[in-house]
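User: Could you take me through the largest pocket in this protein? I'm new to this, so please explain the terms as you go.

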Amino acid sequence: MSKTFMLPDDIIGITFFPFIIMRKSYFDEMPEGVKTMMINHEKIHVAQQKEMLVVFFYLWYFIEWAIRLLNRQPHAYRNISFEAECYAHQKNPEYLKTRKRWAFMDYL
């Protein structure tokens with residue numbers, strides 16, 4: 001029996017090291033430039049997860065999200081340091097070539 005994994009409607013892509021999972025129905029409709037940007041965003045997450053040994057990435061991600069949410073911070077998800085780094089550099093396809101380790105710390 002095969003398994004089907006459904007992403008919530010507002011999630012187009014997600015990374016589970018070393019895999020990048022994209023919602024095909026949305027992805028196929030996007031212009032090439034947007035596809036490239038989204039894949040770059042997720043590749044930055046791959047680098048983050050690798051340097052944090054995956055498990056610590058998810059632990060940190062959840063704790064930071066919960067703290068921001070509890071502090072009633074608007075857009076708690078977008079303000080997570082990992083996401084802030086990705087959004088800041090997703091349009092730069094060369095970013096991963098020059099990215100310094102632990103770069104997400106600059107977005108805390």
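Analyst: Here is a walk around the largest pocket and the elements that line it.

First, some ground rules: this is a predicted model, where local features need pLDDT of at least 70 and side-chain atom pairs count only at pLDDT 80 or more, while totals for chains, interfaces and linings use all residues. Residues are numbered from 1 along each chain as its sequence is written, and side-chain values use heavy atoms, with hydrogens and water left out.

The largest pocket has a volume of about 600 Å³. A pocket here is an open set of points on a 1 Å grid over the protein atoms alone, with protein on both sides within 12 Å along at least five of seven lines, and lining residues have an atom within 4 Å of a point. The volume is the space filled by probe spheres set on the points, which are joined across faces, edges and corners; the probe is 1.4 Å.

There are 21 lining residues, and Ile-11, Gly-13, Glu-42, Tyr-77 and Glu-83 are the closest to the centre. Two or more lining residues come from each of β1 (13-16), α2 (32-51), α3 (55-70) and α4 (81-89). Those labels are DSSP runs numbered from the N terminus: helices are H or I with at least four residues, strands are E with at least two. By class, the lining has 11 nonpolar, 6 polar and 4 charged residues; Ala, Val, Leu, Ile, Met, Phe, Trp, Tyr, Cys and Pro count as nonpolar, Asp, Glu, Lys and Arg as charged, and the others, Gly among them, as polar.

Now for the elements themselves. α2 gives the most to the lining, with 6 residues. Its 20 residues reach 29 Å from first C-alpha to last, close to the expected 28 Å (1.5 Å times one less than the number of residues).

In β1, side chains alternate: Gly-13 and Thr-15 point to one face and are buried, whereas Ile-14 and Phe-16 point to the other and are not. Buried means under 20% relative accessible area, with a 1.4 Å probe and protein chains only.

On α3, the buried residues are Phe-57, Tyr-61, Glu-64, Ala-66 and Arg-68, and they pack against α2 and α4. Contact means heavy atoms within 4.5 Å.

Finally, α4 is mostly covered, with 7 of its 9 residues buried. Among them is Glu-83, also one of the residues closest to the pocket's centre. The buried residues of α4 pack against α2, α3 and α5 (95-98).

Conventions. Buried means under 20% relative accessible area, exposed over 50%, partly exposed in between (1.4 Å probe, protein chains only).
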